[in-house]
Amino acid sequence: MAPPPPPPPRLLLASHAAVRAAASARRGRLAGDHHPPQVAALRRGDWVKLICGASFEDAADVRNLSLVYTLAGVDCIDCAADASVVGAVNEGIDVAASIVPSVQSPWVMVSVNDDCRDLHFRKAEFDPEDCPPDCSKPCEKVCPADAISLERVMIEGKHSQSDPSSGKLEGGVITERCYGCGRCLSVCPYDRIRAMSYVRDPTKTVELLKRNDVDAIEIHTTGKGTDMFNTLWSNLGDSINNVKLIAVSLPDVGDSTVNFMNAIYTTMQSHLQGYNLWQLDGRPMSGDIGRGATRETVSFAVHLSSMSNRPPGFYQLAGGTNSYTIESLKKAGLFQSTTFAATSGVTYCQQAFIGGIAYGGYARKFYAKYQHNLAMHALRTTQIISWKRYKKLYH
Ligand code: SF4
Ligand code: SF4
């Protein structure tokens, strides 16, 4: 008797259309929820945002980062305000949901700027033909995003392979991978690298916000004047009503910081229909560097905690955040527990001052280590999201 036919191969991933429909339904439910889980996380103080990079536009990498971050259970994924990048984030989230259907769908946040002086919105650039062929290429080695690729090629009839000063360098910056950290600029011994700053086109941002797959926007501002913020806000118009959360990312500019924040809040109030968040930006794009990198964002939090006239909204740390951030917050007395009390069926909660943390370079460092094994990386990323684990232990 002939053996029974083998069972059809088990499909690991649902069709993209089915997954997208499910994601849409999840978003629809979220929109109708009184307390979206992301907001509950901000209230408790255990919100985690993962940053792909305001200028990082390598769609394949963004998709994989988003897949892993979603499986790790983050609340929000922050990415460049670019249609293909947003598509890649959503694809990563969809694939994660097809692997673990119960996974929480993180909010998708797009980052824009009102002023080209914000360091997140720049790209490194150089002409490799200007580089000495025997340069040891420290730029390539220091780049945390593998965004520089250089190769020495021979020029016919004018070289010897064994002579390092012969030939020429080819390649350069892989623009879509550069997220503007600036580390290559300072290591180039010949000062060949320039930083090209830019401002995201508000017209394209308006189009993005009208799609149904963007949940939040983050406006980076330098704190050096409200005019540019007001202009961008006006250009975004009613499109801002399509998102659930509006974040403003800014550095600590000293005594004028709170007045600046209040002025911005006054501008936003005219259209503020969702939630708002203040991202306290410390030392941009440096979380992977080490312990000291987190100092500035924690100092910013300490500064604001002493100001009684700070504007309403959630507060979240970013810029240099890493495994030392929670320890630093604890030392500063800002790692506060949340108290819940139920009375007559109504739940009251005391909101944590710091709603959560955004991780960028620190999380990416783990990703780079384990990118060849996404499942393993998902586990690792879950481990580094110690914010949530600490909070659980703390309660
Ligand atoms: S600015 Fe940073 S990310 Fe961009 S190429 Fe230089 S080192 Fe790499
Ligand atoms: S370090 Fe400077 S000179 Fe050397 S390869 Fe890089 S850009 Fe060129």
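The conversation below concerns a predicted model of one chain and the surroundings of two ligands.

Reader: How many helices and strands does the chain have?
Author: This predicted model has 14 helices and 14 strands.

Reader: What share of the residues counts as buried?
Author: The chain has 395 residues, and 44% of them count as buried.

Reader: And what share of the contacts joins residues 24 or more positions apart?
Author: Among contacts in the chain with a separation of 6 or more, 79% are between residues 24 or more positions apart.

Reader: Turning to the ligands, which residues come nearest to ligand 1?
Author: There are 14 residues around ligand 1, and those that come nearest are Ala-124, Cys-143, Cys-178, Cys-181 and Cys-184.

Reader: How does that shell divide into nonpolar, polar and charged residues?
Author: The shell around ligand 1 holds 11 nonpolar residues, two polar ones and one charged one.

Reader: Which residues are around ligand 2?
Author: Four cysteines belong to that set, namely Cys-131, Cys-135, Cys-139 and Cys-188. The others are Phe-126, Lys-137, Pro-138, Leu-150, Leu-169, Tyr-190, Arg-192 and Ile-193. By class, the shell around ligand 2 has 10 nonpolar, no polar and two charged residues.

Reader: Now the helices. At what angle do H8 and H9 cross?
Author: Helix H8, residues 227–236, and helix H9, residues 257–269, cross at roughly 15°, and their axes come within 10 Å. H8 is therefore roughly parallel to H9. The crossing in which H8 passes H9 is right-handed.

Reader: Which residues make that contact?
Author: H8 contributes Phe-229, Asn-230 and Trp-233, while H9 contributes Ile-264, Thr-267 and Met-268. In this contact of H8 with H9, four residues are nonpolar, two are polar and none is charged.

Reader: What about H7 and H8: at what angle do they pack?
Author: Helix H7, residues 202–209, packs with H8 at an angle of about 45°, and the axes are 9 Å apart. The two helices are therefore oblique to each other.

Reader: Is that crossing left-handed or right-handed?
Author: The crossing of H7 and H8 is right-handed. The contact is made by Pro-202, Thr-205 and Val-206 on the H7 side, and by Leu-232, Asn-235 and Leu-236 on the H8 side. The contact of H7 with H8 comprises four nonpolar residues, two polar residues and no charged ones.

Reader: Changing topic, which residues of H2 are buried?
Author: Helix H2 covers residues 37–44, and its buried residues are Gln-38, Val-39, Ala-41, Leu-42 and Arg-44.

Reader: What follows just after H2?
Author: Gly-45 comes just after H2 and takes a positive phi of about 95°.

Reader: Where is Asp-146 found?
Author: Asp-146 sits in the loop between helix H5 (138–142) and strand S5 (148–153). Asp-146 is not a glycine, yet its phi is positive, at about 50°.

Reader: Is Asp-146 buried or exposed?
Author: Asp-146 is exposed, because 12 other C-beta atoms lie within 10 Å and a residue counts as exposed at 12 or fewer.

Reader: And where is Asp-191 found?
Author: Asp-191 is in the loop between helix H6 (183–187) and strand S7 (194–197). Asp-191 has a positive phi of about 55°, although it is not a glycine. Asp-191 is exposed, with 9 other C-beta atoms within 10 Å.

Conventions. Residues are numbered from 1 along each chain as its sequence is written. Chains are lettered from A and ligands numbered from 1 in the order in which they are written. This is a predicted model: local features need pLDDT of at least 70, side-chain atom pairs count only at pLDDT 80 or more; totals for chains, interfaces and linings use all residues. A residue is near a molecule or strand if its C-beta atom, placed from the backbone, lies within 6 Å of it. Ala, Val, Leu, Ile, Met, Phe, Trp, Tyr, Cys and Pro count as nonpolar, Asp, Glu, Lys and Arg as charged, and the others, Gly among them, as polar. Axes are lines fitted to C-alpha atoms, for helices over the stretch in contact, and angles run from 0 to 180 degrees between N-to-C directions. Helices (H or I, at least four residues) and strands (E, at least two) are DSSP runs, numbered from the N terminus. Angles under 35 degrees count as roughly parallel, over 145 as roughly antiparallel, 65 to 115 as roughly perpendicular and the rest as oblique. A crossing is left-handed if the near helix is turned anticlockwise from the far one by less than a right angle, and right-handed if clockwise. Two residues are in contact if their C-beta atoms, placed from the backbone, lie within 7 Å. A residue is buried if 20 or more other C-beta atoms lie within 10 Å of its own, exposed if 12 or fewer, and partly exposed in between; C-beta atoms are placed from the backbone.
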